[in-house]
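Visitor: Please pick one part of this model and take me through it closely, then show how it sits in the rest of the chain.

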Amino acid sequence: MAPVATELKLGKKINEGKTKEVYELPDLTGCVLMQSKDQITAGNAARKDHMEGKAAISNTTTSCVFQLLHESGIKTAFVRKHGDTAFIAAQCEMIPIEWVCRRVATGSFLKRNPGVKEGYKFYPPKIEMFYKDDAANDPQWSEEQLIEAKFCFAGLTIGQTEVDIMVHSTQAIFEILEKSWLPQNCTLVDMKIEFGVNITTKEIVLADVIDNDSWRLWPSGDRSQQKDKQSYRDLKEVTPEALQMVKRNFEWVAERVELLLKTKSHGRVVVLMGSSSDLGHCEKIKKACANFGIPCELRVTSAHKGPDETLRIKAEYEGDGIPTVFVAVAGKSNGLGPVLSGNTSYPVVNCPPLSADWGSQDVWSSLRLPSGLGCPTILSPEGAAQFAAQIFGLSNHLVWAKLRSSMLNMWISLKQADKKLRECSL
C-alpha cells in the first residue's frame, strides 16, 4: 500500500503506549494519527530496546492487515496509511481488553493449563480475554467480569450483546488472517486484538494495531522457525547481533504481509441466459458476484433453439484455463442447465427466473434431472452468486474472507436487532 505523504496538522497527544503515540488531527474531524515507535518490548516493558526501523516495519504490517480486513468487510478504525511510520484511524474510545484467539496451545496458555501439551489444537479456535492493567500483569477476565464492569465508551454501554459481538468478531478476524497466511505455508498460531467504540458512529470496531507484536507466526507450522516477537522474548541476552536477528524476522513478515492482499487463484462466473428478457435477473447475479470480487460475464444462448452455439460458448470458456462456474438462467422449460452439466466438468448452477403463473411447474425442469447430471438449483440470484463464491473461496483466501465477514456481519445485525427490540419492549 503506497503511503499518503501529505502534511498533516497534528493536535495534542491523546495517548502514548509502549510502541506508539496517538495524536489528534484538527483538520480531520473524528480521526487520529497512530504513530509507531522504533521500540520493541516484552513482559509489559520489563524488557525494552530500541530497534531502528521497527516503526516502519510495524506500520507496513498493520496497514496491510487492516486493509485486508477492511476490504473483506470487517469494521475497523483504519482509514489509510500516512507516510512510512504512521496511519490515520477513526478516533475511538478503547475498550481495555486484549482479546486472544488461539488455534495452537503454546506460551502462557500452557502455564495456566498444566497438563496440556504444546501443539494441542483448538476447534473452533479458543478465545480468551485479558484486562489491560500493566501493574496487575494483565489479569485474565471472564465474560461475566466484563459485563459486570459496566463500562461505557462513547455513550455505548458494554453489555452481553457487545461482549458477544466482540467474541464472534475475534474468531472471524483470526480465521480470516489464518486463511490468508496459509498460501504462504505459514501457520497463524494465535493473536491478540483490541476493540474500540468509534466516537462518530458509536459502533464497536477493530482498533489499535495488528503487527508482528500481535501474533505468533510459524512458517511450515514449525516453532523453531518462528518469525514473530517471541524470538525477542526468548532471548537470554539482548545483544546487537540478537536484535539484528529479531529485526530480520520482522522484515521477513513485513515483506510477506503485502502478499495477503493478493491471490494466485482466479476465477469467473459466466451467466448463460436463454433470452435477453432475463437480463434483469442476470444483472443481479453479476452485482452479487462483484461484492465478492468475482468477475462475471453475461451471454445469451438457448440450449433448445441453438444447442451447437451453447456448446461452442461453453468450449470457449473451458479452453482458456480460467476456473469457471456456469450459471444457467432459463425460464419455462430449462434445458440450458442440464445440457451444460452433461457436457462440462465445470460446476453448473441453475438459477431460473420463475414466473408467478407457471413457476411451480417450470421449476421441475431444473430440479428433476437425468442421471449423471449434477447441477444444483438456487432460485435467488444473490444465492447463486454466493454458491459460486463458496466454490472459489476454497482456493482464494480473498473471496473466502469476504464470505466469512459477510457471515459475521449478518450475525451482528441480528444480534443488534434483537437488542433493539428488547429495549423497546421494556
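**A loop, a pocket and the helices around it**

Guide: Asp-208 sits in the loop that links S15 to strand S16 (215-219). The model is predicted, and what follows should be read as a description of that prediction. Asp-208 has a positive phi of about 60°, although this residue is not a glycine. Most residues other than glycine have a negative phi. Asp-208 has a relative accessible area of 15%, and because the cut-off for buried is under 20%, this residue counts as buried.

Strand S15 (204-207) leads to the main subject, the second largest pocket, since S15 is one of the elements that supply at least two residues each to the lining of that pocket. Helix H4 (160-181) and helix H13 (397-425) also supply at least two residues each. H13 gives the most, with 8 residues of the lining. The second largest pocket holds about 420 Å³ of space. Its lining is made up of 23 residues, and those nearest the pocket centre are Ile-165, Glu-203, Ile-204, Ile-412 and Gln-416. By residue class, the lining of this pocket divides into 10 nonpolar, 6 polar and 7 charged residues.

Take H4 next. H4 has 22 residues, which at 1.5 Å a residue should span 32 Å; its end C-alpha atoms are 32 Å apart, so the expected span and the modelled one agree. H4 is mostly covered, with 18 of its 22 residues buried. Beyond H4, the chain passes through a loop to strand S14 (186-198), and Asn-185 is found in that loop. Asn-185 offers a second case of a positive phi in a residue other than glycine, with a value near 60°. As for accessibility, Asn-185 stands at 49%; exposed would require over 50%, so this residue counts as partly exposed. Asp-208, by contrast, is buried.

H13 is the other helix of the pocket lining. Arg-404 lies in H13. Arg-404 has a relative accessibility of 12%, and therefore counts as buried. The C-alpha atom of Arg-404 is 8.8 Å from that of Ile-173, with the two positions 231 residues apart along the chain. Ser-405 is also in helix H13. At a relative accessible area of 1%, Ser-405 is buried. The C-alpha atoms of Ser-405 and His-70 are 9.6 Å apart in space, for a sequence separation of 335 residues.

His-70 points to another helix, H1 (residues 54-72). The 19 residues of H1 should span 27 Å at 1.5 Å a residue, and its end C-alpha atoms lie 27 Å apart, so the two values agree. H1 is mostly covered too: 16 of its 19 residues are buried. After H1 comes Gly-73, with a positive phi near 115°.

Two further sites in the chain can be noted. Tyr-123 and Pro-124 are joined by a cis peptide bond, with omega at about -5°. Most peptide bonds are trans. Pro-124 lies in strand S10 (residues 121-131). Cys-152 belongs to strand S12 (residues 152-153). With 45% relative accessibility, Cys-152 counts as partly exposed. Cys-152 and Pro-26 are 126 residues apart in sequence, and their C-alpha atoms are 25 Å apart in space.

As for the chain as a whole, there are 13 helices and 20 strands. The C-alpha trace spans about 75 × 60 × 55 Å along its principal axes. Of the 426 residues, 49% count as buried. The chain is divided into domain 1 (91-261) and domain 2 (268-395), and the C-alpha centres of these two domains lie 42 Å apart. An unreviewed UniProt entry carries the annotation "domain: PurE" for residues 267-414. That span is 47% helix and 14% strand, and its end C-alpha atoms lie 32 Å apart.

How values were computed. Residues are numbered from 1 along each chain as its sequence is written. This is a predicted model: local features need pLDDT of at least 70, side-chain atom pairs count only at pLDDT 80 or more; totals for chains, interfaces and linings use all residues. Side-chain values use heavy atoms; hydrogens and water are left out. On a 1 Å grid over the protein atoms alone, a cavity is a set of points where a 1.4 Å probe fits but cannot get out, and a pocket is an open set with protein on both sides within 12 Å along at least five of seven lines; lining residues have an atom within 4 Å of a point. Grid points are joined across faces, edges and corners, and a volume is the space filled by probe spheres set on the points. Helices (H or I, at least four residues) and strands (E, at least two) are DSSP runs, numbered from the N terminus. Ala, Val, Leu, Ile, Met, Phe, Trp, Tyr, Cys and Pro count as nonpolar, Asp, Glu, Lys and Arg as charged, and the others, Gly among them, as polar. Domain bounds come from an automatic or database domain assignment. Buried means under 20% relative accessible area, exposed over 50%, partly exposed in between (1.4 Å probe, protein chains only). UniProt positions are given in the numbering used here, feature names are shortened, and annotations may be inferred rather than shown by experiment. The expected span of a helix is 1.5 Å times one less than its number of residues.
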